[in-house]
Structure formats: structure tokens, C-alpha cells
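Please work through the exercises below with the sequence and the structure side by side, and try each task before reading its solution.

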Amino acid sequence: MLTKPLEQTYFIIDFDSTFTKVEALDVLGEISLIGRPDRDDVLDQIRTITDRGMAGELSLAQSLEQRLRLLNAHRDHLPALIETLMTKVSDSFQRNRSFLSEHADQIYIVSSGFKEFIVPIVTALGVKEDHVFANTFEYDEKGNIVGCDCENPLATDGGKVKLMRSLQLDGDVYVIGDGYTDYEIRESGLANRFYAFTENVLRPSVVEKADYVSPSLDDFLFDNKLSRSHSYPKSRIKVLLLENVHPVAVHLFEQEGFSVEIRKGALDEDELIEAIRGVHILGIRSKTNVTQRVLEHADRLITIGAFCIGTNQIDLTACSERGIAVFNAPYSNTRSVVELAIGEIIMLIRNVVSKSNKMHEGVWDKSANNSFEVRGKKLGLIGYGNIGTQLSVVAEALGMEVYFYDVVDKLALGNARKCRTLEDLLAVSDIVSLHTDGRKDNKNLIGAREFGLMKEGVIFLNLSRGHIVDIPALVEAIKSGKVAGAGIDVFPYEPKTNSEEFINELRGLPNVILTPHIGGSTEEAQENIGTFVPGKLLEYINNGSTYGSVNFPELQLPLLKESHRLLHIHRNVPGILSQLNQIFAKHHINIKGQYLKTDEHIGYVITDIAKEYDEDVVAELRNVENTIKFRLLY
Ligand SMILES: NC(=O)c1ccc[n+]([C@@H]2O[C@H](COP(=O)([O-])OP(=O)(O)OC[C@H]3O[C@@H](n4cnc5c(N)ncnc54)[C@H](O)[C@@H]3O)[C@@H](O)[C@H]2O)c1
Ligand SMILES: O=C(O)CC[C@@H](O)C(=O)O
């Protein structure tokens with residue numbers, strides 16, 4: 001928080017690696033040394049000198065003089081330098097250009113860089129030209145850069161301190177920069193606070209001296225309650241990704257500026273309770289159970305991404321009650337499951353697994369006994385959703401007759417035939433493949449009775465969820481010969497990590513393909529999921545859209561433009577919308593757009609309002625009875 005009124009507070013901002021992402025003289029070297037065979041070596045030398053200067057190991061005069069000599073630059077290189085620097089303005093400065101222009105009277109750029117390139121960049125973002133204090137180049141008669149104006153205090157050691165002394169600013173002075181010379185202003189007593197700016201570079205020796213660390217300008221503005229583009233600094237949004245989620249997801253969150261923690265395996269309940277504190281976004285796959293107890297400790301959780309299809313591992317009702325929106329990837333891995341199912345059906349009906357195992361033992365068993373084509377065989381699909389329907393189409397293309405049973409009345413694709421009951425399907429199928437969702441009611445959907453109703457020598461596949469099949473009953477059916485071959489990818493208990501042993505009664509049985517829940521584990525599917533789920537989570541975090549959520553009323557919202565967006569999640573009881581609108585009316589707030597969607601349990605109201613608003617409104621909205629969660633987007 002500011003300690004003096006805003007008009008009496010001055011912001012002293014460094015240029016290189018703070019206002020811009022780069023050191024300008026390094027970039028100038030990349031331009032001026034083009035064509036030189038030793039370019040990379042010289043650039044390395046320049047960077048080393050820059051770093052040593054920044055860390056306080058070299059005097060400024062030494063650092064400037066050594067770098068300018070190595071640069072071999074010319075006046076004609078400057079337009080290209082400015083053009084490049086224009087694209088290298090730090091992201092958080094770009095985002096908060098309105099802060100720079102609105103408070104131009106209080107903002108000063110103090111740099112030991114050069115005005116020739118600093119002025120065009122910073123004035124383009126609203127800083128006043130006469131508030132830029134920096135060096136100027138000296139040229140020879142041919143326009144070569146040969147040095148700098150030595151009379152300028154900023155070309156000398158302790159130059160920033162001398163310059164600040166001459167400015168005689170009357171008020172509080174906050175310095176934002178990444179280098180030791182920025183800290184020196186604070187050390188000299190000419191600044192009240194030094195903020196080490198670490199968005200582009202983190203120098204431990206500087207951070208150690210800082211009063212505060214600002215990972216971005218958003219953080220600085222947030223901490224001082226100043227006008228800003230984001231309601232909450234992105235670097236403070238914590239993402240926890242479990243179960244080896246694809247690296248593309250990590251990259252997408254990091255690119256957004258979030259702090260990401262990754263863990264390879266799943267966590268058990270107690271471990272997750274420990275890890276979930278302070279986390280805003282949780283990413284899991286099928287093996288992490290997000291229970292009511294876990295959610296009770298999730299003090300900051302806004303949203304959960306299931307980087308898979310199934311969401312049965314998440315207590316969705318408890319999530320809704322806490323205003324936590326859950327998203328999954330309903331389509332990204334469906335094709336991979338279908339391809340594995342088709343492959344397994346062919347392998348099993350040809351008895352390939354047993355034959356292959358024997359070959360490894362040296363047994364040559366060439367015979368056609370119990371080997372069949374899939375063409376003309378009856379494939380029975382239990383569950384005709386995204387996977388069931390795709391499998392239906394591909395299986396028909398191989399000449400199979402497809403039958404399906406679903407609890408919901410589904411349209412048959414191609415020539416597939418709908419069965420009225422599960423029993424009808426079991427009686428007719430040569431191959432039974434399970435593709436229902438993992439709802440609790442489906443526990444042991446297939447047990448001894450159902451195996452009893454299947455044809456002798458049936459092929460059985462489960463690539464859906466482990467608890468849907470009674471494993472002892474399946475073992476018995478395999479041993480008795482009722483099931484001639486089985487492909488099982490999912491199990492009631494699955495190891496949490498690759499180092500845990502897989503223990504199951506199905507091990508060692510003949511003509512059984514066991515796979516470690518990899519139906520959806522292809523490079524393509526995982527990359528698709530790794531892109532799709534963060535897309536949904538970011539839309540929700542940044543824009544409030546819930547389209548595709550599995551537990552929230554779905555709303556696809558327009559982009560936020562020139563407004564603030566208020567997101568109000570409440571228990572679905574009568575009268576909430578009217579209470580919210582009464583608060584807006586009381587404070588004369590101009591509503592630019594409003595959206596409401598409810599489901600059985602919760603209501604979700606989005607209100608876009610004009611940027612100027614009375615802060616009391618937020619407190620009043622939060623206090624409306626039955627409010628579950630409230631967020632404000634800038
Ligand atoms: N092995 C893997 O790696 C892997 C990969 C992706 C999906 N899955 C699992 O595959 C299953 C199917 O996925 P999907 O995307 O097709 O799901 P989906 O939700 O699109 O389809 C499931 C279908 O099952 C039906 N259903 C539910 N209970 C039923 C019952 N008792 N009897 C008959 N029909 C029933 C539903 O009405 C729905 O049509 C899910 O359990 C999913 O978690 C596994
Ligand atoms: O990758 C996983 O852990 C689960 C894959 C699959 O079962 C799903 O639900 O999409």
C-alpha cells in the first residue's frame with residue numbers, strides 16, 4: 001500500500017530488463033555484429049560484462065566503456081534496435097500501459113542506457129520525454145558510436161544516486177528495477193522502497209537487498225492498490241499438475257504467467273490435502289481422488305481440470321457446493337481408445353497373445369484352431385457414447401455387425417442395432433466391449449450373472465472403468481472357458497505410480513491382454529488433452545466462461561472489453577438476481593451486460609459494469625446471503 005497520497009508518490013523505473021525484457025546493448029550487438037565470424041563470442045563477452053555490472057562486480061564506467069568498444073556500432077543501427085526493442089517491452093508493462101499514461105507526472109525512467117533508444121520506446125507507452133534520464137552516445141565524424149557523454153552523471157559510478165539527488169522529488173519514492181544500481185538509490189536514502197523486478201531476470205544479489213520482490217508490474221500495482229489491468233497478479237495464481245500431465249499444459253500455464261508445480265504420480269487423500277493449500281488450479285488424471293475432505297482444505301481452489309474423460313474420481317457435488325468449476329477433455333482421446341479396442345479384438349479372436357507367448361518359449365504352434373476373422377462377428381457395445389459410437393463406425397468398416405445397449409435412447413449410427421436390454425445384448429454378442437461412464441451405480445455392472453448370459457467363448461473387453469466389472473467373476477469366467485479372451489485396461493485398484501507393483505488376480509491367465517490404463521495414452525491424445533483442458537481452465541479464469549464444464553451451468557461469454565466483470569456464484573434460491581441488481585442500482589452502476597444461468601444446485605450471474613465503480617459494491621455483493629464465491633475480473 002502507498003503510504004502517501006498518490007500525487008506525492010514517485011515511481012522510478014529502470015529500463016533494461018525491467019521496462020523491456022532485454023538489455024538493449026546486447027540487442028545492439030546482435031545487430032551491429034552481423035556478418036562478423038566472432039559474433040557469438042563477442043556477444044557472450046558483452047553479456048558477461050552486463051551481468052557483472054548489474055551484480056555490482058564492475059563499475060558502471062568500466063562496464064559501459066568495455067561494452068561500447070566491443071559493440072562496434074553505428075548510428076545507422078539504431079532504427080533497427082528501436083524496432084526490435086518495441087517488440088520486447090515487458091509483458092506486464094504492455095498490459096499496464098494505462099497506469100503509465102495515467103500517472104505520467106509521477107513516473108521517471110532512470111537508466112544508464114541511452115536516450116536514443118529509450119525515449120522512443122517509453123514515450124510510446126505514455127511516459128513523458130522530459131521524465132527520461134539516461135546517457136547519450138558520442139559519435140565520430142562517420143557516425144560510429146565511440147563513447148558516451150561523460151558529463152552525464154549516469155555515465156559514472158553511483159550515477160543513479162547523483163541523478164536522483166538532483167531531481168529533489170518531494171514525496172515518497174519507489175524504485176523498480178532489476179539491478180544493483182537501482183538498489184543503490186534506496187541504499188542512499190533517496191528512495192523509500194526498492195522493488196526488485198524479476199519478470200525478466202532474477203539476480204540473487206539484488207533480490208537479497210530488496211524491500212519487496214515484484215515478479216511483474218501487476219504485482220507491484222496490486223500490492224500498492226494502484227490501477228491495473230489484472231484484478232489479481234497472474235504470478236500468484238498457483239497451478240498444481242499431477243499424474244504426468246503433458247508438458248504442453250505446463251507450458252501454456254507458464255506462458256500465462258502462472259506459477260506451476262508438477263508432480264509425476266497421483267497423490268493419496270492425505271498427500272493431496274497437504275498439497276492443495278493455496279492452489280488455485282488443480283490438474284489431475286484418473287488416479288487422483290478429489291474428495292469432500294480434500295476440498296475442505298482447498299482454501300483457494302477456483303477450478304479443476306481432469307486431463308482425461310472420466311470425472312468419477314472427483315466429488316462433483318462437493319465442488320459445486322464450493323463454487324469450483326470442473327472441466328474435462330471429452331473427445332481428445334476417444335480415437336486412441338477405439339484403435340486399441342479394435343487391435344485387441346483382432347489379437348484376441350486370433351489367439352495371438354497365447355501364440356506369441358509360446359513362440360517366446362520356443363514353441364511353434366501353427367494351427368487355425370480357435371482363430372477367427374472379425375468380419376461378420378457380432379460386436380456388442382455397452383454404452384453408446386463418444387467412444388462407443390466411434391468404435392461402432394470403425395468396427396462396421398471391418399465388416400462386423402454392431403449391437404449396442406445404452407441407458408439413454410441413442411441414435412444408431414450406420415447399420416448398428418439397438419438392444420432393448422443389457423440381457424438382449426449379452427445373448428447376441430460374440431464380442432462384448434464395455435464403454436459406459438464411471439458413475440457409482442455402474443459398480444459391478446458386469447458380474448457372474450452377466451457372464452452367465454454371454455455366449456460360450458465370448459471375447460470380453462473393458463477399457464472404461466475398473467469398478468464396472470466384478471474381477472473375481474471375470475477370472476472365473478476365463479478359467480471356465482466361458483470367456484475365450486479378454487482385454488482389460490482398467491482395474492478397481494490401479495497403482496499410483498509406475499514404481500508400484502500391479503497386483504491382480506487376472507495376472508497369468510491365458511489369452512488375456514492386460515494394459516496399464518493406456519487406452520487414451522497416445523502421444524496424440526495426451527498432447528490434444530494438454531492443450532484442450534488448459535484452454536478451458538484459462539477461459540474460465542480469465543473470462544468467466546463455463547462452456548464445457550461438467551458441474552457448472554454452462555455460459556459462453558463475450559470477451560471482456562472496457563468493463564469490469566463480476567462473477568457471482570450462489571446457491572440456487574429465489575431472489576438472488578434481484579438482490580444483486582438492487583445493489584447495482586443503489587450505487588448507480590451502469591450495467592453493460594448481464595448473464596444468468598442456473599442448474600439444480602447453483603446459479604451463476606455475470607455482470608459487466610463500467611470501469612469506474614465504488615469499491616463498496618464488491619463488499620456488498622460478497623455479503624449477499626447464499627453467495628458461494630465471488631470474483632472480479634478487470
Ligand atoms: N481406458 C482409457 O484410457 C479410457 C480413455 C477414455 C475414456 N475412458 C472411459 O471410457 C468410458 C466411455 O467414455 P465415453 O467418452 O464414451 O463416455 P460417454 O459419457 O460419452 O458415454 C458413456 C455412455 O454410457 C452410457 N451408460 C452409462 N451407464 C450405462 C449403463 N449402466 N448401461 C448402458 N449404458 C450406460 C451413457 O448413457 C453414455 O451414453 C468412460 O468410463 C471413460 O472414463 C477410458
Ligand atoms: O489418462 C488417464 O489417467 C485416464 C484416461 C481415461 O480413463 C479417461 O478417462 O480419459
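**Exercise 1. Work out the strand order and the edges of the six-stranded open sheet in this predicted model.**

Solution. The six strands of this open sheet follow the order 3-2-1-6-7-8, and their pairing is parallel. Reading that order from its two ends gives the edge strands, strand 3 (132-135) and strand 8 (212-214), each of which pairs on one side only. Between neighbouring strands of this sheet the average turn is 20°, with direction ignored. As a check on one pair, strand 1 (residues 9-13) and strand 2 (residues 107-114) run parallel and are joined by three bridges; within this pairing, I13 has I109 of strand 2 as its bridge partner.

**Exercise 2. Establish which strands stand at the edges of the five-stranded open sheet, and which helices pack on this sheet.**

Solution. Begin with the order, which is 10-9-11-12-13 with parallel pairing. Strand 10 (259-262) and strand 13 (325-327) are the edges, and because each has a single partner strand, one side of each is left without a neighbour in the sheet. Neighbouring strands here are turned against each other by 15° on average, direction ignored.

Next, look at the pairing of strand 9 (residues 238-241) with strand 10, where four bridges join two strands that run parallel. In this pair L241 stands opposite I262 of strand 10.

Then add the helices. Helix 13 packs on the sheet and touches strand 9, strand 10 and strand 11 (281-284), its direction making about 160° with that of strand 10. Helix 23 also packs on the sheet, touching strand 11, strand 12 (303-306) and strand 13, and its direction makes about 165° with that of strand 12.

**Exercise 3. Describe how helix 13 and helix 23 pack against each other, and classify the residues of their contact.**

Solution. Two packed helices are described by the angle between their axes and the distance between the axes, so both quantities are needed at the outset. For helix 13 (residues 247-255) and helix 23 (residues 523-543), the axes come within 7 Å and cross at roughly 30°. Because angles under 35 degrees count as roughly parallel, helix 13 is roughly parallel to helix 23. The crossing of these two helices is right-handed.

The contact is built from V248, A249, L252 and F253 on helix 13, together with E527, G530, T531, V533 and P534 on helix 23. Sorted by class, the contact holds six nonpolar, two polar and one charged residues.

**Exercise 4. Carry out the analysis for helix 9 and helix 10, and state which term describes their relative direction.**

Solution. The axes of helix 9 (residues 159-167) and helix 10 (residues 180-187) come within 8 Å, and they cross at roughly 45°. That angle makes helix 9 oblique to helix 10. Helix 9 passes helix 10 in a right-handed crossing. From helix 9 the contact takes K160, V161 and M164, and from helix 10 it takes T181, D182, E184 and I185. These residues divide into three nonpolar, one polar and three charged.

**Exercise 5. Determine how strand 21 pairs with strand 23 and with strand 24.**

Solution. Strands of a sheet pair through backbone hydrogen bonds, either parallel or antiparallel, so the sense of each pairing has to be settled along with its partners. Strand 21 (residues 563-571) and strand 23 (residues 602-610) run antiparallel and are joined by nine bridges, with I569 standing opposite Y604 of strand 23. Strand 21 also pairs with strand 24 (residues 627-633) in the antiparallel sense, over six bridges, and here H570 stands opposite T627 of strand 24.

**Exercise 6. Characterise the residues that surround ligand 1 and ligand 2.**

Solution. Take ligand 1 to begin with: of the 30 residues around ligand 1, those that come nearest are G310, G383, G385, I387 and G519. Helix 17 (334-349) and helix 19 (386-397) each supply at least two residues of this shell, and helix 19 gives the most, with three residues. By class, the shell around ligand 1 divides into 11 nonpolar, 15 polar and four charged residues.

Turn then to ligand 2, which is surrounded by R285, S286, C308, I309, G310, N333, H517 and G520. The shell around ligand 2 divides into two nonpolar, five polar and one charged residues. Comparing the two lists, G310 is named among the nearest residues of ligand 1 and also among the residues that surround ligand 2.

How values were computed
Residues are numbered from 1 along each chain as its sequence is written. Chains are lettered from A and ligands numbered from 1 in the order in which they are written. This is a predicted model: local features need pLDDT of at least 70, side-chain atom pairs count only at pLDDT 80 or more; totals for chains, interfaces and linings use all residues. A residue is near a molecule or strand if its C-beta atom, placed from the backbone, lies within 6 Å of it. Ala, Val, Leu, Ile, Met, Phe, Trp, Tyr, Cys and Pro count as nonpolar, Asp, Glu, Lys and Arg as charged, and the others, Gly among them, as polar. Axes are lines fitted to C-alpha atoms, for helices over the stretch in contact, and angles run from 0 to 180 degrees between N-to-C directions. Angles under 35 degrees count as roughly parallel, over 145 as roughly antiparallel, 65 to 115 as roughly perpendicular and the rest as oblique. A crossing is left-handed if the near helix is turned anticlockwise from the far one by less than a right angle, and right-handed if clockwise. Two residues are in contact if their C-beta atoms, placed from the backbone, lie within 7 Å. Two strands pair if DSSP finds at least two bridges between them.
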